[in-house]
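Biologist: I would like a close look at a single part of this model. Please take me through one sheet and its surroundings, step by step, and then show me what lies around the ligand.

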Amino acid sequence: MECDILIAGSGIAGLFTALSLRDDLKIVLLSNADLNKCSTYHAQGGITTVLDEEDKLAFFQDTMVAGGHLNNPEIVKLVADEAAKCIDVLINAGVDFTKDSSGNFKYTREAAHSKNRILYCADQTGKEIFSKLLEAVKLKKNIEIIDNAELFDFKVHGDKVLGAYFFKNNKVYDIDSSYTVLCTGGIGGLFKNSTNEKNLKGIGLALALKYGIQLRDVNFIQIHPTAFYEKVEGRRFLISESLRGEGAVLVDKTGERFVDELLPRDIVSKAISDRNRELNTENVYLDISHLDKNYLVTRFPYIYENCLKKGVDITKEKIPVSPCQHYFVGGIAVDENGKTSMDSLFAAGEVACTGLHGRNRLASNSLLEAVVFGKRVAESINSSFRKLNVFRDQSQYVDTDIKKVIMQNWKIAANEILKVREDLKSELLDY
Ligand SMILES: Cc1cc2nc3c(=O)[nH]c(=O)nc-3n(C[C@H](O)[C@H](O)[C@H](O)COP(=O)(O)OP(=O)(O)OC[C@H]3O[C@@H](n4cnc5c(N)ncnc54)[C@H](O)[C@@H]3O)c2cc1C
C-alpha cells in the first residue's frame, strides 16, 4: 500500500490532524481496534478554552502551577494563543457544546482552574467531539480509515521513517508514506487498573526506544484520583473531575473530609492513597448527593446512569472511588510543530510530549493540546510537503510470528515505565 501521509491513531489527535491536512494529499488513518476504543471517546469533563486576552495570563498561570513549573513556558503561551481558533474549528465541525437557555456557551471549572473556562457536552464531551470529527473525516475522499490494524513497526530507510507495518486479520501489510504521524494515545493498556482502553499499550514508547527517538518525561504518569472503585477486570470507569468542580466532596469511611477537592490531581491522588493507608481501606467516597436530583441527572447523565448500573444512585449515595492510571504526561519529545527527532516522523496527542503539561496535566488540557498540535503538525506538512522516494521492502516480516513481535513491543514499553517508576511495579501487567 502507498499514501502521502500515514496517521496511526484515530482519536482526536489523528482525526484533527487528518482534517487539517491538504485535500490533495492521500491520507491513511489506522486504528488498532474498533474506532471508539480510544480515550477521546471516553473523555467526560470537557475541553479547556481561553476566553479572552486577559484569560491568557490566567490560563498560563493555572497550567504552570498544575505542572509544577516544569512546563515549557513558550509552549504554554503558544497554546493560550491558539486555543480559541482551534475550538472554533470544532464548533464549525458541528460539535454541540452545552449552552444556556439564551444559546450562550456554558463554561465549567475543574481542579486547579482559577475560573470557569471549560467547554463541555454534558458529561460525554469526548464522544461528541469524536463523532463530529469522524463524520467530517468520512466525507473526505482523500482519507481512508483502516480499523483493527495494529501498527507494530516503522519502515525505516536510513534516518527516515517511510511508512509502517501493520497486522490485520492475521496478515501483515506494509504501507509506504512520505510522512508518518503517530497519534497512538497513552499507555493505560499496560496497567492493571486504568481509565484507558486495553488496546492503548504504548506503541509510541516501544518504537521510540527501538529507533532511538527522543523521549521526554516518561516518569510523569498521571494517576486520576477518582475512578469508580470495584473489583472487576477491565477499564475503570472515571468519575470526572467536573463533579468536584460542581461541589462534590471527598470523604473517608468515617465521613470525614480530608483534602481540598480542587487541588491538582497528583495532590488529591496522594491524599486519597495516604488516607486509605491510614485507615486500612481500599477506597474513599465522592459525595455529590447534596445537590438537586434534577440538576445532577441533567448535568451528569452518563455518570448517573453508569453508577446506577453499578448499584450506586449518585443523587442519594456516596460513590466509592480510588485512584488509578489515567494519562501519560510524558512521551515522544516533539517541537512546536509536533516534529520528533526522527526524519519525516511527527507525533500529536497523548503519545507526544510537547512540554505543555509539566509534571502534571491541568484538567481538560489534553483535548486542547491534541487539537492545537494536530493543526500545527498538519500546517507544517502542508507547507513543506514533498513526495519522498518510497522504500519497498516487504520481506522483513516473512515467516515471523507477529503476535510475538507485538507482545515484545508491550514488554519494551512496560519495562521502560518500570525503569523510571519502580513504585508502579505492582500496577503494571506482566508481559
Ligand atoms: C475516561 C477518560 C476521560 C477523560 N476526560 C478528559 C477530559 O474531560 N478532557 C481532556 O482534555 N482530556 C480527557 N481525557 C484525556 C484525553 O481524552 C486523551 O488524552 C485524549 O483523548 C488522547 O487523544 P489521542 O488522539 O492522543 O489518543 P486516543 O483518543 O486514545 O486515540 C489513540 C488511537 O491510537 C490507536 N492506536 C493505539 N495503538 C495503536 C497501534 N499499535 N496501531 C494502530 N493504532 C493504534 C487507537 O486505536 C486509537 O485510535 C480523558 C481520558 C480518559 C481515559
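Modeller: Start with one pair of strands. Strand 11 and strand 12 (residues 284-287) are joined by three bridges, and the two run antiparallel. Keep in mind that this is a predicted model. For one point of orientation, find V249: its opposite residue in strand 12 is D287.

Now widen the view. The pair belongs to an open sheet of four strands. Read across it, and the order is 10-13-12-11, with antiparallel pairing. Strand 10 (221-228) and strand 11 (249-251) are the edge strands, and each of them pairs on one side only. The sheet is twisted: from one strand to the next, the twist averages 45°.

A helix packs on this sheet. It is helix 8, residues 265-279. Helix 8 touches strand 10, strand 11, strand 12 and strand 13 (319-328). Compare directions, and helix 8 makes about 60° with strand 10.

Strand 13 leads us on to the ligand. This strand supplies at least two residues of the shell around the ligand. So do helix 1 (12-20), helix 2 (39-42), strand 6 (150-157) and helix 11 (365-384).

How is that shell made up? By class, it has 13 nonpolar, 21 polar and four charged residues. Of the 38 residues around the ligand, N32, T40, G46, E350 and S366 come nearest.

Look at some polar contacts next. N32 uses its side chain: an N or O atom there is 2.7 Å from an oxygen atom of the ligand. S39 uses its backbone instead, with an N or O atom 3.0 Å from a ligand oxygen. At S364, a polar backbone atom is 3.3 Å from an oxygen atom of the ligand. How much of the ligand does the protein bury? Taken alone, the ligand exposes 1,000 Å², and the protein buries 99% of that.

Finally, set a second sheet beside the one we began with. This open sheet has three strands, in the order 9-14-16, and its pairing is mixed. Strand 9 (215-216) and strand 16 (352-353) stand at the edges. Each has a single partner strand, so one side of each is left without a neighbour in the sheet. Strand 14 (residues 331-333) pairs with strand 16 in the parallel sense, over two bridges. Here the residue to find is A333, which stands opposite C353 in strand 16.

Note on methods. Residues numbered from 1 in each chain as written. Predicted model: local features only at pLDDT ≥ 70, side-chain atom pairs only at ≥ 80, totals over all residues. Heavy atoms only, no water. Pairing = 2+ DSSP bridges. Axes fitted to C-alpha atoms, helices over the stretch in contact; angles between N-to-C directions. Contact = heavy atoms within 4.5 Å. Near = heavy atom within 4 Å. Polar contact = N/O pair within 3.5 Å; in protein donor to acceptor, adjacent residues only side chain to side chain. Areas by Shrake-Rupley, 256 points an atom, 1.4 Å probe, with all protein chains shown as cover. Nonpolar A, V, L, I, M, F, W, Y, C, P; charged D, E, K, R; others polar.
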